[in-house]
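Hi,

Here is the structure I promised to hand over. Please load it first, then read my notes below.

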Amino acid sequence: RYALFYNRLKNIEECEGGLDKFTKSYKTFGVNQLEDGGIYCKEWAPGAEAVFLAGDFNGWNPFSHPYKKLEYGKWELFIPAEDGCSPVPHGSKLKVVVIRAQNGALLYRISPWARYVVRDEDKVNYDWVHWNPPHSYIHKNPSPKRLKSLRIYESHVGIASPERKVASYKNFTYNVLPRIKDLGYNCVQLMAIMEHAYYASFGYQVTSFFAASSRYGTPDDLKEMIDVAHSMGITVLLDVVHSHASKNSEDGLNQFDGTDSCFFHSGYRGNHQLWDSRLFDYANWEVLRFLLSNLRMWIEDYRFDGFRFDGVTSMLYHHHGIGTGFSGDYNEYFGLHVDEDALCYLMLANHMINSLHPECITIAEDVSGMPALCRPVAEGGGGFDYRLAMAIPDKWIQIIKELKDEDWNMGNIVHTLTNRRYEEKYIAYAESHDQALVGDKTLAFRLMDAEMYTNMSVLMPLTPVIDRGIQLHKMIRLITHALGGESYLNFMG
C-alpha cells in the first residue's frame, strides 16, 4: 500500500511539477479571470468531440467560443479582455456546451469546477453563475492554533433556526456561533456546505464540489462566517463528501462529457446500490487532480481548518461495507476486496494536507475499523488524525431499546467505550446526525418520547419519565465524554 502511494506521488512530482502545482489546479480549471481582465477556461472532457462556452456574455450562442483540444482529453479557451474589462461579467450565467463524440449530441453542462450555482424559485435545475465580485471578502482573523482535544459542535446551517425556513450563513454567524462559544465548544463541523440539488440528502448527494451552497447565501457570507468563528477561537471543519457523487447530469458531474465514465467507473462498478449515486475512479489521474484540488480550495479560499471525510468505509472496500459485519479479523482488512486505489487517494489527500497545511485536522468516518487508518502515512497508515467512534451511539440505542434500567451492564458499557485501536485517536459521541436525522430518533426522544412535547416546561410538574430521561441523558453524555475517545462530538439537532 505504501509502495502504491509512493509511486503515485512520484509520478505526480515528475509529470506535474510537484504536488503543490498539481493540487492548485482549481486556479486554472473551470473559468478563471486573469490579472489583465481576460478569461482563461479549461476542462477535462475525454469523451467530447468539441467543447464550447456559452452564456449571457455571448447571447447564448453555442458555437461562437470553441475550446482548443489539448492532449489527454483536456480543452482550453482564452477570451481576451475588452478595454481592460472582463468579457464575462460577475453574476452572468454560463454553460459548457459539449458535443458528444459517439453521436454528436449537444449537451449543456455546468463546469465541474464551478464556484457558484443557484436555483431560481420556479426551476428544478441549478444554474451556473460566474462568481467574480470586484471586492471579495478578505479574512481578518488568523486561524486558531491546532487543538490538542476537540469538542465538536456538528451543525447544519439550514436547520439552525427555530423558524420554518432554510436559515442563512448570516443567521449562523450572528445567532448561532455566540451560543456555540458560550456552551464551551471549540470546534464547529459544518454539514451540507458543498452544493447539493436535493436538500433532504443533508448534503450527501453533491452536485457541485467547488461551490458553497447558495441556499444559505453567497460564498462571501460563508467566508465571513468562518472568519467570525476564527475570531472566537473556534476551529471550523468541513464535512467533505468524496466517497460518491449525485447522479444528476444536468447540474451534476454525471455524464459531463456524455459518457458513462469520465470522473467515475463505468458500468456496475460506478454505481452505489444503496445510495443510488456515482462512484469515483480513484486510479484516474484527472480524478486525483479534481479531488485533491477540491480539498486545497476549501482550505485556501474559505480557510476551513480541516475535514471530516464522509463514507470512508464505502471508499475502502469494493463491497462498500454493504451486508458486511466487521468482527475485527485481519482478513477483513487485507485482501482483494479492499479498494487500494481509494486508500491510496486518502493517503495522498492526508499527505498533501500535512505537507502544505500541517495545522489542518482530518477525521475519518469509518465503521469498519481499518487498522492504521489514523497512523501517519510514513508508517504505511492512512494519515488521518482521528476516526469517529461509531460503535458507541449504536450501543446506547441497543441498551435503551432492549434493556430495563436495572439490567444495564456497566462492564459491557465500559468495554464498548474503551474498545479502540491502540494509539489511534477517536472522537466519541452519544449521537450525531446519523442518529438524529436519518429516519431515527434522538437520544432524548428515545428516553422521553411524547412527553417531550407536553412536560418539558418548568411550569409543569416533573414527571418520572422526564426526570429519568434527563438524568440518563446527562449520565450517558458524561461517561461517553470521559471514556469514549480523545475528543467529543455533539449534533445540534
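**The barrel**

Eight strands close into a barrel, with parallel pairing, in the order β10-β11-β14-β17-β18-β19-β20-β21. From one strand to the next, the twist averages 30°. One caution before going on: this is a predicted model.

One pair in the barrel is worth a look. Strand β14 covers residues 235-240, and strand β17 covers residues 306-309. They pair in the parallel sense over three bridges. Aspartate 239 has arginine 308 in β17 as its bridge partner. Helix α7 packs on this sheet and touches both β17 and β18 (361-364). The direction of α7 makes about 165° with that of β17.

**What the record says**

UniProt has an unreviewed entry here. Its annotation "domain: Glycosyl hydrolase family 13 catalytic" covers residues 166-479. Over residues 166-479, the chain is 37% helix and 13% strand. The end C-alpha atoms of that stretch are 35 Å apart.

**Helices around α7**

Two helix pairs involve α7, so I take them in turn.

Start with α5, residues 285-300. The axes of α5 and α7 come within 11 Å and cross at roughly 35°. α5 passes α7 in a right-handed crossing. On the α5 side, the contact residues are Leu288, Leu291, Leu292, Leu295, Arg296 and Ile299. They meet Tyr345, Leu348, Ala349, Met352, Ile353 and Leu356 in α7. By class, this contact has 11 nonpolar residues, no polar ones and one charged residue.

Next is α1, residues 2-16, against α7, residues 340-356. Their axes come within 9 Å and cross at roughly 60°. That angle makes α1 oblique to α7. The crossing of α1 past α7 is right-handed. From α1, the residues in contact are Tyr2, Leu4, Phe5, Arg8, Leu9 and Ile12. Their counterparts in α7 are Glu340, Asp341, Cys344, Met347, Leu348 and His351. The class count for α1 with α7 is eight nonpolar, one polar and three charged residues.

Note Leu348 of α7. It is listed in the contact with α1, and it is listed in the contact with α5.

**Another helix pair**

How do α8 and α13 run relative to each other, roughly parallel or roughly antiparallel? Helix α8 spans residues 391-402, and helix α13 spans residues 464-483. Their axes come within 12 Å and cross at roughly 150°. Angles over 145 degrees count as roughly antiparallel, so α8 is roughly antiparallel to α13. α8 passes α13 in a right-handed crossing. Ile392, Trp396 and Ile400 of α8 make the contact with Ile476, Ile479 and Thr480 of α13. By class, that is five nonpolar residues, one polar residue and no charged ones.

**The open sheet**

There is also an open sheet. Four strands form it, in the order β1-β2-β5-β4, and the pairing is antiparallel. Its edge strands are β1 (30-33) and β4 (68-69), and each pairs on one side only. β1 pairs with strand β2, residues 39-44, over four bridges in the antiparallel sense. Within that pair, glycine 30 stands opposite lysine 42 in β2.

**In short**

The two sheets covered here are a parallel barrel of eight strands and an antiparallel open sheet of four. α7 touches β17 and β18 of the barrel. It also meets residues of α1 and of α5.

Best wishes

Methods
Residues are numbered from 1 along each chain as its sequence is written. This is a predicted model: local features need pLDDT of at least 70, side-chain atom pairs count only at pLDDT 80 or more; totals for chains, interfaces and linings use all residues. Side-chain values use heavy atoms; hydrogens and water are left out. Two strands pair if DSSP finds at least two bridges between them. Axes are lines fitted to C-alpha atoms, for helices over the stretch in contact, and angles run from 0 to 180 degrees between N-to-C directions. Angles under 35 degrees count as roughly parallel, over 145 as roughly antiparallel, 65 to 115 as roughly perpendicular and the rest as oblique. A crossing is left-handed if the near helix is turned anticlockwise from the far one by less than a right angle, and right-handed if clockwise. Contact means heavy atoms within 4.5 Å. Ala, Val, Leu, Ile, Met, Phe, Trp, Tyr, Cys and Pro count as nonpolar, Asp, Glu, Lys and Arg as charged, and the others, Gly among them, as polar. UniProt positions are given in the numbering used here, feature names are shortened, and annotations may be inferred rather than shown by experiment.
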